[in-house]
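Biologist: Please take one part of this model and go through it closely. Then tell me what surrounds it.

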Amino acid sequence: MKNCLVVDDSKVIRKVARHILESLDLTVSEAVDGQDALNQCEASAPDVVLLDWNMPVMSGMEFLQALAGAKVVARPKIIFCTTENGISHIKAAVDAGADEYVMKPFDRETLESKLSIVGII
Amino acid sequence: MSMDSAGSQQGAARILSGLLEARTGQILSEGRAWRMETALRPVLRAHGLEDMDALTARLVRENDDRLEKAVINALLNNESSFFRDLQMFDMVQRQILPHLHDQRSDHTLRIWSAGCSTGQEAYSLAIQLRNAWSRWNGWRIEILATDISSSAIEQARSGIYSQMDVQRGLAIGDLIKWFEPHGDDWRASPELRRMIDFRQDNLFDAREAHGEYDLLLCRNVLLYFTPARRQAVLKLLGRHSHAGSVLLLGAGETVIGQGDDFIAHPEFRGSYARQTALATHRMGSARRVG
C-alpha cells in the first residue's frame, strides 16, 4: 500500500483528505507544517505528499526547497493543494518542483485524477 | 406526494423519455430516470412551470421548439472530463498517433470525436498533438467533434471550463501551457480552439462528417442506445472509416454482437478496425476525404 503524507495546518482539511485518500486504498500520515513534514520525510519515505502552501513555521514552498537538500531515501511526488489559485502561484510551484497542483476546494474525483496523473494509483 | 400525483409524474416521465428517444435515440436507464426531475429543475424554473406534469402538458399543447430543445439538452448526459481513461489516451499518444503518422504519407490526419459532449475529449487530443508538434508541424490536421446537444457544443466551442473541470484529468503542465485564466474559469488557448471544428449533429442523421477519418472516437455513447441503434451508429462509423482507421469506444463498450462493421484491432488493445480492412491494413490505404 502506498503512503500519502498530508501536510496542512487545518485539522478539517487533513481529515477530509484522509477520508478520501483512505477510500483510494492509500495509507495516510499527517503533518501540521513544512518542518513537521520534512522530519517525517526523513524518517519514513512517503510516496506522495499533499502539500498546503500557507502554513506556520515552514510554508509549502520552503518545504520544497528544504526537501531538495534533505536526506531522503526517495523523493516523494509532490502535489500542492492550496487556495492559491492564481496562475503565477501555479507556475512558481511547478518551477520549484511540484509534480501536480490541486486548487481548493477539491473533491474525491480531483484527488483521484491527480494521483493517477503522478502514477500513485 | 399523493398516489395520483406520483402516477401522473410517472406518466410525464414516460412521455419525456419517449421524447428523448425520438429526438436522440437515447434511452434513459433506470439510474438516470430517477434523476429526471433534478435534471429538469432549471428548465422548469426558467419557464415558470411547477412540475414535470406541467412541462409535458405544455409540450403537448404548444409546439414550442425552444422548450423542447431545453428539455433534450437537460436530459442528455454531458458528463465528460479531460483525458478520461488515462490508459487509453496513453495508448493514443504512444502507439496510435505515431502509427497514423507513419501511415499517412499525404501528411493529413483526420479525427472524428463523435458524441464529444462538452469537448474535453477533442481538446485532450489537440493537446497531445500540440505537445508533439515537431512531429505534426506542416501536417493538415482536422478534428471534427460532434454532439447532439446544442448547449454542450456551445460550451465546447467556447473552450471555457470551470476550475473543477480542468482539475479532472488535465495535468498541471498542460493547464499552464494550453489554458489561460478566464475570470474564475479557464479557457483553452486560441491555438487549441482553432484545431477543432465543433458541430451539433445527430448520429442517426449525420450531416457534418464527410469522407473517411483516420481516428474515430465514439466513447460512452453506444451504451445509451438500443442494440439496433448501436448497429446503425457502427455502420455509420464504418462508412466514415478506411482500411487503416482506428475506432475507440468507451471502456464498457464493444463491437461484439453489434453487427459486422468492426472487429478488434490486431495491434491496439481495446480499439477496433474496420472488418473488411484487415487484409489491406498493413499495406497502407487510400482514404476518401470529404
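Modeller: I start with one sheet and then work outward from there.

The model is predicted: local features need pLDDT of at least 70, side-chain atom pairs count only at pLDDT 80 or more, and totals for chains, interfaces and linings use all residues. Residues are numbered from 1 along each chain as its sequence is written, while chains are lettered from A and ligands numbered from 1 in the order in which they are written.

The part to look at is an open sheet of five strands in chain A, in the order 2-1-3-4-5 with parallel pairing. Strands here are DSSP runs of E, at least two residues long, and helices are runs of H or I, at least four long, numbered from the N terminus. Two strands pair if DSSP finds at least two bridges between them. Strand 2 (27-31) and strand 5 (100-103) of chain A each have a single partner strand, so one side of each lacks a neighbour in the sheet. On average, neighbouring strands are turned by 20° against each other, direction ignored. Axes are lines fitted to C-alpha atoms, for helices over the stretch in contact, and angles run from 0 to 180 degrees between N-to-C directions.

Take the strand 2 edge. Strand 1 (residues 3-7) of chain A runs parallel to strand 2 of chain A, and five bridges join them. A:Cys4 stands opposite A:Val28 in strand 2. A:Val6 stands opposite A:Glu30, also in strand 2. Helix 1 (residues 11-23) of chain A completes a right-handed β-α-β unit with strands 1 and 2 of chain A. Right-handed means that, with the strands pointing away from the viewer, the path from the first strand over the helix to the second runs clockwise.

A:Leu24 sits in the loop between helix 1 and strand 2 of chain A. A:Leu24 counts as partly exposed because it has 16 C-beta neighbours inside 10 Å. The cut-offs: a residue is buried with 20 or more other C-beta atoms within 10 Å of its own, exposed with 12 or fewer, and partly exposed in between, with C-beta atoms placed from the backbone. Leaving aside neighbours within four places in sequence, A:Leu24 is in contact with A:Glu112, A:Leu115 and A:Ile121. Contact means that C-beta atoms, placed from the backbone, lie within 7 Å. A:Leu24 and A:Glu112 are 88 residues apart in sequence, yet 7.5 Å apart in space, C-alpha to C-alpha.

Now the strand 5 edge. Strand 4 (77-82) of chain A runs parallel to strand 5 of chain A, joined by four bridges. One of the bridge pairs is A:Ile79 with A:Glu100 in strand 5. Strand 4, helix 4 (residues 87-95) and strand 5 of chain A make a right-handed β-α-β unit. Are the faces of strand 5 of chain A covered on one side or on both? Both are covered: A:Glu100 and A:Val102 on one side and A:Tyr101 and A:Met103 on the other are all buried.

A:Pro105 lies in the loop between strand 5 and helix 5 of chain A. The peptide bond from A:Lys104 to A:Pro105 is cis, with omega near 0°.

Next, the core. The largest nonpolar core has 91 residues, and A:Leu50, A:Phe80 and B:Ala126 have the most contacts inside it. Such a core is a set of buried Ala, Val, Leu, Ile, Met, Phe, Trp, Tyr and Cys residues joined through C-beta atoms within 7 Å. Helix 7 (residues 120-131) of chain B gives the most to this core, with six residues. Leaving aside neighbours within four places in sequence, B:Ala126 touches B:Ile143, B:Leu192, B:Met195 and B:Ile196. A second, separate core of 15 residues includes B:Leu28, B:Ala70, B:Ile72 and B:Leu75. In soluble globular proteins, nonpolar side chains tend to be buried together.

Last, the contact between the chains. The contact takes 14 residues from chain A and 11 residues from chain B. On the chain B side, helix 10 (163-167) and helix 11 (172-178) are the elements that give two or more residues.

Note on methods
Contact = placed C-beta atoms within 7 Å.
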